[in-house]
Amino acid sequence: MTTTTATPESPTTDRRKFLQASASIGAGLAIGLHLPALQAKTKSKAHNAAMAAAGASAQFEPNAWVRVFPDNKIRLIVHKHDSGTGVHTSLGMMLAEELDVALSQVEVVPPSHPFFQAYIHPQWKVFSTGGSTSVMLEYEPLRKAGAAARMMLVQAAAQQWKVPESACVAQNAQVVHKPTGRKLSYGALAEKAAKLQVPTEIKLKNPEQFTLIGKHRQKLHVQSKVTGQHQYSIDVKLPGMLVAVIAHSPVVNGRVRSIDDKQALAVPGVRQVVKVPAAPADLLGGNQEGVAVLADSYWAAKRGRDALVVEWNDGEFAGFNSNEVGAQQKAFLASGKAELVPTVQSGNVADALKQGGKVLEAEYFMPYKAQLPLEPECVVVQLAEGKMHFWAGLQVPSNALTAAQTVAGLGPDDIVLHDLTGGGSFGAREARHWLIEGAYLAKATGKPVKLMYSREDEMRQLYYHAASYSKLAGAVDENGRLTALQMRAVAPASPEMWEPGYFDRKDKMDYSTTESITAWDYAYKVPNTDIGWVRHETGMPTGWYRAVSFIPNVFATESFMDELAHAAGQDALAFRKAHMVDRPRHVAALDLAASKAGWGKPLGANRALGIATNQGYTSYIAIVAEVEKQGENIAIKRITCVVDCGLAVQPSGVEEQIYGGIVWGLGHALYDKLDIENGKVVQSNFTDYPVVRMSDMPEVDITILQGDTNKPGGVGELSNPGVVPAIANAIFNLTGKRQRSTPLVMKA
């Protein structure tokens, strides 16, 4: 998913306004959770009842994220899904830092009432995790939540001891009276603190006081993961549970013509065969029609599906071929019918291109790609006593709500979520089709159902990363300055697949499709600029993907900058820097990456470097790829990466994310290409859709800069977009051959 607008405003110091702001900005500090006025703003009766019960107990629950119990147990509520990114560790550190407790002292859990307003994403207006926004947007609200709780505990201790608050400090889940050394645990103070007013002015620590933030810490749940004890959705077992697999049409969105289930039902362990309807036409991002086989085990269900005989109507995609999409996009752009959504505009490009010394034109193309997280989608759903339970890696819990509403007409008070760690996502778990199917089967059977996708199912299921086409033109003058730059990024819209009415906005901007080519994230300043997005819909369902449109847009932009530098007879690094204005952090990342990679120094025979850069999520990154000619082949020998993400809250986690993104970017460069012929996905598994393996890995050198210690930027989707152009530029420097489509040809 993608970031779109500015971060939420800071609460005011006026208490009434502060409370209003806390409620309205969603992820803000929900101080006053127990106040009737604020409770009325929630839509969940169940939640209100839970809050009322909590308020009557000795439990200290100062806000939506902190719980302190009389037995000294401390619970931190983290309202973001962790699909292996380590976000629970980073967010827990923010709370624990200000609460003055060690991360190991607390239980980090998902919210029990996730549709409470405080947990709704402030930009997307749904309960969701993604877009590299979690650490960036929650940094201040979660710290304030921890600090408010700490202040109230200190106040409670001071009142009990009848001493000034200034004489008391919080340390390691205790409050200490400095003059006497007396101590009271948080648990001992919980009941008294629960009766205090929430402070209106929150005192945060100075960064110099941090003991957790900015320090290397082991990621939560490492031990349970390496010992195989960690629970994923595939591990969930319920009494009477059926396991389901679904047969879908080999042609995308095909419909069932007939079903013969005799052989399937004859398979030992198979209990039912159920036709699953397609989601209503007015529900975007829904499921395809299918036929589910439900059995006592996955193996029985799979064998039953193998024995199932289904005739399909192919539907509207029977003649769809992905290898024709690039030509269609190009023809559409040239047709004169293409409506431009401008993103960066200045001067007069048409005139400048006519007057420029050297004029270059180029076209870039990227194919469809599949997400393929290591753990395929799996959900357990149970409808019992009027409530629908979901056990899964719920990256977008609001999608579970949509599923329950669509299938059973249930509201937020009737849904119980059991969020489990997801085994990767890359955008796959942001889809809703699997949740709708699971909800339908639970309702249809009246039993708990575990719906499991295999690798093959997931590869041939929706929603893919869209194919894209970019056309660029630029002119450099006799001094080597870039005088004009034009770019047309042609791709389908992303949000409307999920959010009806998204384009009712005045600017018609699709922020998920224009990443890196908007006024705030485009790196270069050119006197005559004409950049924009052209929406071209093939109808093929597409969806979220790690770094979404940064991938094609950075590939085109950074490759073309290299082409322009070459035409200007300039060094590619110097050319980039010469066209950056007021970007010291960005330039610093470029300079350091180039220096560490040996830019400008002799490399030896058959070796070359290529450089690329981008910014996003208020972070900056520079990547230098080193390639080597080995006979007829080209090998990637080294990736040098420098990241400025502001404050690295959990440096180990940042490095893991950057490293993972580099591996992901290598996949774009070497392998990722999903073919669709006559509406059918050609590939089936990692055998014919390979992923990066150990033997593909180059040496990787990552440096993290602490560019702004006051706030963190996002990193989850920062590193993969620059990998492809860095490698492509290195290959050009090695061979003189420019590659403008992926996967790259690794031949000399």
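This is a short talk through a few places in a predicted model.

Hi everyone. Let's start with a region that has a label. The UniProt record, an unreviewed entry, gives residues 227-316 the annotation "domain: Aldehyde oxidase/xanthine dehydrogenase a/b hammerhead". In the model, that stretch is 16% helix and 34% strand. Its end C-alpha atoms sit 48 Å apart.

Inside that stretch, have a look at helix α9, residues 298-307. Which residues of α9 are buried? They are A300, A301, G304 and R305. These residues cover an arc of only 135 degrees around the axis, so they fall on the same side of α9. Turn to the other side of α9 and you meet W299 and D306, which are exposed. And what covers the buried residues? The cover includes three strands, β8 (242-248), β10 (270-276) and β11 (290-295). It also includes the helices α8 (262-265) and α14 (455-459).

Next, some strands. Please find β16, residues 387-392. Five of its six residues are buried, which means that β16 is largely enclosed by the rest of the structure. With strand β15, residues 378-384, it shares six bridges, and the two run antiparallel. As an example of that pairing, V380 stands opposite W391 of β16. The two strands form a hairpin with two residues between them. In the turn, E385 has a positive phi of about 50 degrees.

Now for another partner of β16. Five bridges link β16 to strand β17, residues 415-419, and this time the strands run parallel. Here W391 comes up again, with H418 as its bridge partner in β17. How does the chain get from β16 to β17? The path goes through helix α12, residues 397-408, and the β-α-β crossover is right-handed.

There is a similar story earlier in the chain. Strands β3 (residues 74-77) and β4 (residues 106-109) run parallel and are joined by four bridges. L76 has V108 as its bridge partner in β4. Together with helix α4, residues 87-99, these strands make a right-handed β-α-β unit.

Let's zoom in on single residues. T640 lies in strand β24, which spans residues 633-644. Is T640 buried or exposed? T640 is buried, because its relative accessible area is 1%, and the cut-off for buried is under 20%. If we leave out neighbours within four places in sequence, T640 is in contact with A593, K596, A597, A622, I623, V624 and D701.

A second one to try is S468, in strand β19, residues 468-476. At 6% relative accessibility, S468 counts as buried too. Not counting residues up to four places away in sequence, S468 touches Q329, Y364, F365, M366, V490, A491 and P552.

What about cysteines? A disulfide is a covalent bond between the sulfur atoms of two cysteines. How many disulfides does the count give? It comes to zero. Take C641 as an example: the nearest cysteine sulfur belongs to C645 and is 10 Å away. The cut-off for a disulfide is within 2.5 Å, so C641 is in no disulfide. C641 is buried, with a relative accessible area of 0%. C168 is buried as well, at 7%.

Now to the backbone. A cis peptide bond joins L462 and Y463, with omega at about 0 degrees. Y463 is in the loop between α14 and β19. Another cis peptide bond joins T742 and P743, where omega is about -5 degrees. P743 lies in the segment after α19 (720-735).

Two residues other than glycine are worth a look for their positive phi. One is A173, with phi near 65 degrees. A173 sits in the loop between β5 (168-171) and β6 (174-177), and at 10% relative accessibility it counts as buried. The other is D582, with phi near 55 degrees. D582 is in the loop between α16 (572-578) and α17 (584-597), and its relative accessible area of 74% makes it exposed.

One last stop: G446, in the loop between α13 (433-445) and β18 (449-452). G446 counts as exposed, at 54% relative accessibility. Its C-alpha atom is 24 Å from that of V310, a residue 136 places away along the chain.

That's my tour. Thanks for listening!

How values were computed: Residues are numbered from 1 along each chain as its sequence is written. This is a predicted model: local features need pLDDT of at least 70, side-chain atom pairs count only at pLDDT 80 or more; totals for chains, interfaces and linings use all residues. Side-chain values use heavy atoms; hydrogens and water are left out. UniProt positions are given in the numbering used here, feature names are shortened, and annotations may be inferred rather than shown by experiment. Buried means under 20% relative accessible area, exposed over 50%, partly exposed in between (1.4 Å probe, protein chains only). The arc is that of the directions from the helix axis to the C-beta atoms. Contact means heavy atoms within 4.5 Å. Two strands pair if DSSP finds at least two bridges between them. A crossover is right-handed if, with the strands pointing away from the viewer, the path from the first strand over the helix to the second runs clockwise.
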